[in-house]
Number of protein chains: 2
Amino acid sequence: MWNGIIAKYKDFFDIKDEEKIITLNEGNTPLIPAKNIGEMLGGINLYLKYEGLNTTGSFKDRGMTMAVTKAVQEGSRAIICASTGNTSASAAAYAAKAGLKCYVLIPNNKIALGKLAQAILYGAEVIPVEGNFDDALRIVREIAAEGKVTLVNSINPYRLLGQRSGAYEVCDQLEGKIDYLSIPVGNAGNISAYWAGFKDYHKAGKLEKLPVMLGFQAEGAAPIVEDRIFEEPETVATAIRIGNPASWDKAVAARDESKGLIQKVTDIEILEAQKLLASREGIFVEPASAASIAGVMKLSKEGYLQKGKNIVAVLTGNGLKDPSVVSPEKHIKTYGVKTEEIKTLIYRSLGSDQND
Amino acid sequence: MWNGIIAKYKDFFDIKDEEKIITLNEGNTPLIPAKNIGEMLGGINLYLKYEGLNTTGSFKDRGMTMAVTKAVQEGSRAIICASTGNTSASAAAYAAKAGLKCYVLIPNNKIALGKLAQAILYGAEVIPVEGNFDDALRIVREIAAEGKVTLVNSINPYRLLGQRSGAYEVCDQLEGKIDYLSIPVGNAGNISAYWAGFKDYHKAGKLEKLPVMLGFQAEGAAPIVEDRIFEEPETVATAIRIGNPASWDKAVAARDESKGLIQKVTDIEILEAQKLLASREGIFVEPASAASIAGVMKLSKEGYLQKGKNIVAVLTGNGLKDPSVVSPEKHIKTYGVKTEEIKTLIYRSLGSDQND
């Protein structure tokens, strides 16, 4: 029985036997072969690591189980974070499980409805602050420094430690046969954690060859690509709308050590990739996740990816967190269709396909 | 590596080696110990089978992989279903993976936004019909009878066959130590499938003692409990808003053969259970799923469930499919809180807790 990432990968984490583990049985997410898109791109072996199937719907759970387990061990009664969404949902859920209070500071602008609904229902106190994400993070750091509440943003080192489990799982699932790892880059913690995880496995003799890391930022929030802070980052991919990533240096190191790259993709490319994942592979992801596929498509067109190579794309969050990208009104033109009309509609649609 | 329920439980399914399997790597969902609620209820061992972590966010994927695999084998080019939500999302996703057309007939009234967004993005043609679910199902049957499209509602026998895998997994996860299985009852296919699955495992010598089946309907849609068709079923739990269940007889047989029960819970009990799951266990489910927990709470109060017993509650769908139960406006009273006010807010909240 799967009991979460700490129980599974205990040897890699600094957890003692007697510690109380706070887990929502996160991890163990499927690695789904994307044969349709892989063929479209000329025969690459594309695999989707669908992190939207973690318990709160994003990869953040991997780090949160570590951070909250440690907070409880240290006697903390409350946790706090600044968040544009996924972190808040995850923090709130693990705090609920542990019986801790949870304070979530959100930037005073758009945040995906599903994520906010989660944090509230899990029982967190949500405080919208005047300012952007960086402002919220600054306040959170100040409060945590006073020692009464534990910070669980990714500057909490246990977060990235737990997130390494994503890399361990991918290695286990593919028996080490990974040539490239494609991943969205926002605050840059996840690309850093995956790289550290691959190196752990390499060192432990469980992975022969380290993969090449391919990171993708959104064009309107591409600080690492352009080597400058974005004061007003803007992209439809809210989960990677970060202008000054916390793990900037680590991400650059992951890129350079692996002889990989960090590039940018446009919002249009992101939304096209999101649609393609749904309509060809049956996988619904939030826009930020689709950046990894948009990137693979771009590199494939440029001839960078060779046929037969194994490429894992990390899909960081569930599309259900942000269904606002779809407007049902645009797709359903008529309401209350009568019985006799329905057959006509369907057979016309089937027939038109035959004449294509 | 997990390759979906057909690959895992091939021996129990009528699938030949050479058949092309259409899978989204569904199944393998976590069984999460609900220690906080279990203690609240006097010390029962409550486990949550969190089916919201199937690929499209509900248990429907287990049956859909079978139904669509068979449709492809039989040379079908299109599938069709009537649905209040979860079935449509699942059908659309598997059709996308298989390259089939998908037609979804939805009743011309409320349907959870997340589910509709899924079906549309996966590329299904969504047709809202004049009438309720039963009307939509009647039309779908008529069209399927003409032989050009394959029906994938639960009257397609492969659906319930695939859904038996939920029971297999629970047995594997608990090594057969299950005393009770609590499950929401709408169209009644899932309770029937679980019971059939337990019997399969029992027959195969993999399960010593069959569990007692506990089914729960919503008060406003309780045809089996009251032994009468509900012409206008009504409940906040849209996924079980069914007035005339397709698997009525099978559900009654499951109840009687297992010496179990099928009872009803109110919408208020359902919403309270939903909130409790989120705020105490960190699990966000759609309202219908919470019926299984509302039922367990009710039976626990009545002294029906004894301390130390193992109870598995099936949580059928992800809460992100229907976040409308939470109104952020009600919880976030102030927007744009200034830095200096935030500490005051948080320390007051922490302090008030100390004085409790």
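This passage describes the interface of chain B with chain A and one helix pair in chain A. The model is predicted; local features need pLDDT of at least 70, side-chain atom pairs count only at pLDDT 80 or more, and totals for chains, interfaces and linings use all residues. Residues are numbered from 1 along each chain as written, chains are lettered from A in the order written, and side-chain values use heavy atoms without hydrogens or water.

Chain B and chain A each bring 79 residues to the contact (heavy atoms within 4.5 Å). The area buried between them is about 7,400 Å² (accessible area, 1.4 Å probe, lost on being put together and summed over both parts). Carbon and sulfur atoms give 65% of this area. In chain B, Met1(B), Leu121(B) and Leu320(B) lose the most area to chain A, together 10% of what that side buries.

Four salt bridges cross the interface (a side-chain nitrogen of Lys or Arg within 4 Å of a carboxyl oxygen of Asp or Glu). One of the salt bridges links Glu281(B) to Lys97(A), with the closest N and O atoms 2.8 Å apart. Helix H15 of chain B (residues 339-354) gives the most to the side that touches chain A, with 10 residues (helices are DSSP runs of H or I, at least four residues, numbered from the N terminus).

Within chain A, helices H12 (residues 267-281) and H13 (residues 287-301) pack at about 95°, their axes 7 Å apart (axes are lines fitted to C-alpha atoms over the stretch in contact; angles run from 0 to 180 degrees between N-to-C directions). H12(A) and H13(A) are therefore roughly perpendicular (65 to 115 degrees). Residues in this contact include Ile270(A) and Leu277(A) of H12(A) and Ala290(A) and Met297(A) of H13(A).

Note on methods
Buried area is the accessible area (1.4 Å probe) that two parts lose on being put together, summed over both. Helices (H or I, at least four residues) and strands (E, at least two) are DSSP runs, numbered from the N terminus. Angles under 35 degrees count as roughly parallel, over 145 as roughly antiparallel, 65 to 115 as roughly perpendicular and the rest as oblique.
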